[in-house]
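Here are a few notes from going through this one. Have the model open while you read, and tell me if you'd put anything another way.

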Amino acid sequence: MPELPEVETTLRGISPALKGQRIKAMVVRNPSLRWPIPPEVQQAVGQTVLGLQRRAKYILIDLGKGGLLSHLGMSGSMRICHADDVPKKHDHFDIVLESGQCVRYHDPRRFGALLWWDPPAHGHPLLKGLGPEPLQADFSGEYLWKRSRGLKLAVKNYIMSGKIVVGVGNIYASEALYMSGIHPGRPAGRISQARYETLAQTIRDVLARAIERGGTTLRDFQNSSGEPGYFAQELLVYEREGLACFQCKAPIRRKVIGQRSSYYCPRCQR
DNA sequence: CCGGACTCCTGGGTGC
DNA sequence: TGCACCCAGGAGTCCG
């Protein structure tokens, strides 16, 4: 489910409730996420939340002497509720605060994660080797172009690889490539620097706009208040197979690239 | 060092 | 209704 805009939306939603609060309890109802929730997360109890940040699609909660690291996987969401609200099916853990509120993690498919990190956070194995953040200055068309020389990999897989740039998932990769006029299956090494400049810009644009709309809700994404995101109505190609391209009216195609559905216009994208 | 296939899991939709 | 099958927003791991 969640790509960068949905994780950012979640982070912004839970931050006010968490910041400066002391953690009263860590309630784990089902530890069977992608990796078992380790006992070390209990170190959070009694600690005060100093801050939160996002790195790629990971949420980092800073508790001073380390902290929590969570990933939403394909179907995860976090919601602010009261600690005594009755948990629903797939509500796997709670971060209970002294305020009486709690952050409740919901994840039907259980591809998400809750782990503990010891300082420095960027030394965590999952965060090492990640590429630049697409909304920061070290991400550019020149960078994309330089790193792609000689690669035969499809450009869609290239921009979805966290080693190159983080946070671009299946929806926004399709959208940015459409906006750039680049065919998703084109070998990454056979795209000019000028076209990569366009692609870097469209990646930034689509992510920024999606954050403004609170993310994309296709099926079940919810923000920390239980509301959907509104970017789905602005999608230009994703899940529009057979419908007319907004630019040229040709039918949008779906093709599996790297085991994932890719949507593109066969006329506008080369 | 690639790059591609496989894997973890539940639920919703479709077609018979 | 039931059932088989396909598909889904991620990404680490393994293998050639």
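In what order do the four strands of the open sheet come, and is the pairing parallel or antiparallel?

1. Keep in mind that this is a predicted model. The open sheet runs E2-E3-E4-E8, with antiparallel pairing. At the edges sit strand E2 (51–55) and strand E8 (113–117), each of which has a partner on one side only. Ignoring direction, neighbouring strands of the sheet are turned by 20° against each other on average.

2. Have a look at the E4 and E8 pair. These two strands are antiparallel and are joined by five bridges. If you want a spot to start from, Leu68 stands opposite Trp116 in E8.

3. Next, the helix on the sheet. Helix H1 (residues 4–18) packs there and touches E2 and E3. The direction of H1 makes about 175° with that of E2.

4. Now the empty space. I'd point out that there is one cavity of 30 Å³ or more, and the volume of the largest cavity is about 30 Å³. Its lining is made up of Ile59, Ile61, Leu68, Leu69, Ser70, Met78, Ile95 and Leu114. Strand E3 (58–62) and strand E4 (67–71) are the elements that give two or more residues to this lining. E4 gives the most, with three residues.

5. What about the character of that lining: how many residues are nonpolar, polar and charged? Seven are nonpolar and one is polar, with no charged residue. Leu68 is worth a second look here, since this lining residue is also the one opposite Trp116 in E8.

Definitions and conventions
Residues numbered from 1 in each chain as written. Chains lettered and ligands numbered in written order. Predicted model: local features only at pLDDT ≥ 70, side-chain atom pairs only at ≥ 80, totals over all residues. Heavy atoms only, no water. 1 Å grid on protein atoms, 1.4 Å probe; cavity = no way out; pocket = protein on both sides within 12 Å on 5 of 7 lines; lining within 4 Å. Points joined across faces, edges and corners; volume = space filled by probe spheres on them. Nonpolar A, V, L, I, M, F, W, Y, C, P; charged D, E, K, R; others polar. Pairing = 2+ DSSP bridges. Axes fitted to C-alpha atoms, helices over the stretch in contact; angles between N-to-C directions. Contact = heavy atoms within 4.5 Å.
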